[in-house]
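Q: Could you take a close look at the salt bridges in this predicted model, and at where the residues that form them lie?

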Amino acid sequence: MDGVTTVGVADVRVANGLIEAVGDLGPLPGEEVRDLNGLYLAPGFIDTHTHADCIAFLGPESEALTVANLRQGVTTQVCGNCGFSPFPVLSVEREITSHLLPALGPGTRIFRSLQEWRGAATEATLPTNLAPLVGHGTLRANVMGFEDRHATEAELRQMEELLSACLEDGALGFSSGLIYAPGTFATTDELTRLARVAGRYGALYATHVRNESDHVLGALQEAIAIGSQSGCPVHVSHHKTAGRANWGRTQETLARLERARADGVDITIDVYPYTAGSTALQAILPPWVQRDGAEAMLERLKDGAVRQRIRRDWVETTPTWQNLVHAAGWEGIVVASASDHPEIEGKSLAELQAETHRDPVDLVCELLISQRANVTIILHMMAESDVQNALRWSYAMIGSDGILQPGRPHPRIAGTFARVLATYVKTRQLLSLTEAVRRMTSLPAWRFGLSTRGRIAPGASADLVVFDLSALSDRSAYEEPLTPPEGIVHVMVNGVLALEDGALTGRRAGEVLGRVDRHGV
Ligand SMILES: [Zn+2]
C-alpha cells in the first residue's frame, strides 16, 4: 500500500521514543500534557532527497545549515542521493573526497563501510534521522576510478559485491547521478546489474537521470527499462523538464511514467517546489572534461584547445550529456557557494562576464581552478506549471535536494516543506492538506521501506511535527536562503523535542535508519 493520510482529533501519548497510544486518552498522573488546540500534529516529514550524509560533521559555524531541514519539520532525511555517498571508500580516497566535496559540503569525510559511517555520524550526533542510499558513483570510483569506459565483467562483480555489503548493513537502496562523472560513464546494463542486486534485497534504485531537458524522455525510458528488467522499484529524483524549449513537457513525462506504472514498473518521483535547481559548477562541463578525477580535470582546464572544444560543445545538445548552459543560459546560472570568492556569491555568470570582460569558458575554467573544483551554482531553468504538474502526480514525494554549502545556497534547503504547505496548499490550493502531508510522510515511508515512520499510530516511532497552518510561511529566499519558516511550532525526533515553541532545544536525537521489510507496511 502506498500511504493513506486522514485528519481527525485525538490525543497522542508518547513514551520511550514511540507513539504509545492514540485516541481519547486523558492524562495519566504526573504526565506532561501539551494542548495543541488549533494546531496540526503530523508525522515528522520525510525528505526523500538530501545530501545530508555528512551533516553530523559540520562545525558550529555551519549551525544554520545543520538545522535548516529540522526547522521545517523534517525528522528523516534520505541521503546518499545522485550517486554520492561517503561509503564504501576502499581506494582512490583523495579523488573520491574531492569528488564528494561540492555535493556533501565542508563536513565531507569518507568511510570504509556503512557501519563505520553510521558509528561516526551517531557519535557526532544527528539533528534528524538519516536513511542512507549507496552512491553508484562511489561504488564505480572504488573499482575503476573516474575512467571514461565500460566496466568489465570482473569490475561489475566487484561493484555488485560492494553494493551487497552495504545492503547487508541496512542501506535502503542505491542511487545514480548520470550527469556526473563517473556515473555518466556507466551503461544501462551496468545499472541494471546493480538494480538486480538491490531488488533481491527489497531495496530500491533512485536516479538522477541522464538528461532532464531536451532528451528527458529518453532518460526516463532508461530508468523505466532498468526497473522493468531488474524488477527493482525505481525512484526518479527531482523530476523536471528544464530549459525553455521543454517547458510544458511534464505532460508527456508524467504520462510516460503513468504508462510505465500501468505496465507493472514500480516507479515514483520526488520534486522540490522551485523553478531553479542547484548543483556543482563542473556539471556544466561536458563529461569528457571530467574524466580521470578532479585533479586531471583541473589540469586539463588550463589547456586552450580544451577550452575551445568546451566552447563548441556548449552550443549543441545531444542525448549523451545534459547541456546545462543551453538549458539555463548564462543569466540563469548564479554562483551559490565559492568559499574563496564570497564576493561573487549571488551573482550570475552573465553578470560576472560583463564585470570582468572575460569569455565564459575562461571565467568558468579559472573559477574551477582557483576553487579546486569546489563551487556550487543555482540554475534558473524550469517553468512553474511543470513544478505544479509534478507536485500533483499521485506518486510524487517532496525532496529538498539541499546542498549543505555555505554562501548563498538554494533556498530549498530551509523552505521546501513549508513552501509546499504555504504556497501549494494554502494559497494556490493545488493540493489538499492531507494530500500534501501524505507526500511528506506515509508515501515516502512506504517507498523507502521505513515501516515505523510516517504515521501516527501505536508502535510507530515518535517523529512528530506540530504546525500552525494559518501562520505557516516559508521565508527563505534567494537573497536570504537560510531564513527558517514561520508556523512550525514543535518538532520531535525519536520522542525528543528538538524544536519547542519555535525555538531549537539543542537536543539531537537523530538515528541512522536501516531498511526493514518494505512489504510489511
Ligand atoms: Zn541530483
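A: A salt bridge here is a side-chain nitrogen of Lys or Arg within 4 Å of a carboxyl oxygen of Asp or Glu. In this predicted model, Glu-153, Arg-157, Glu-160 and Arg-193 are joined by such contacts into a network. Within that network, Glu-160 pairs with Arg-193, and their closest N and O atoms are 2.7 Å apart. Because Glu-160 belongs to helix α5 (residues 153-168) and Arg-193 to helix α6 (residues 188-200), this pair ties together parts that are 33 residues apart in sequence. Glu-160 has a relative accessibility of 16% and therefore counts as buried.

The structure holds 32 salt bridges, and two others can be set beside this network. One of them links Asp-474 to Arg-419, with 3.9 Å between the closest N and O atoms. Since Asp-474 sits in the loop between β16 (464-467) and β17 (488-493), while Arg-419 is part of helix α16 (residues 412-427), the pair ties together parts that are 55 residues apart in sequence. Asp-474 is buried at a relative accessible area of 17%, and Arg-419, at 18% relative accessibility, counts as buried too.

The other joins Arg-438 to Glu-435, whose closest N and O atoms are 3.1 Å apart. Both residues lie in helix α17 (residues 433-440), where they are three residues apart, about one turn of the helix. Arg-438 is buried, with a relative accessible area of 8%, whereas Glu-435, at 25% relative accessibility, counts as partly exposed.

Key:
Residues numbered from 1 in each chain as written. Predicted model: local features only at pLDDT ≥ 70, side-chain atom pairs only at ≥ 80, totals over all residues. Heavy atoms only, no water. Helix = DSSP H or I, 4+ residues; strand = E, 2+ residues; numbered from the N terminus. Buried < 20%, exposed > 50% of the residue type's maximum accessible area, 1.4 Å probe, protein only.
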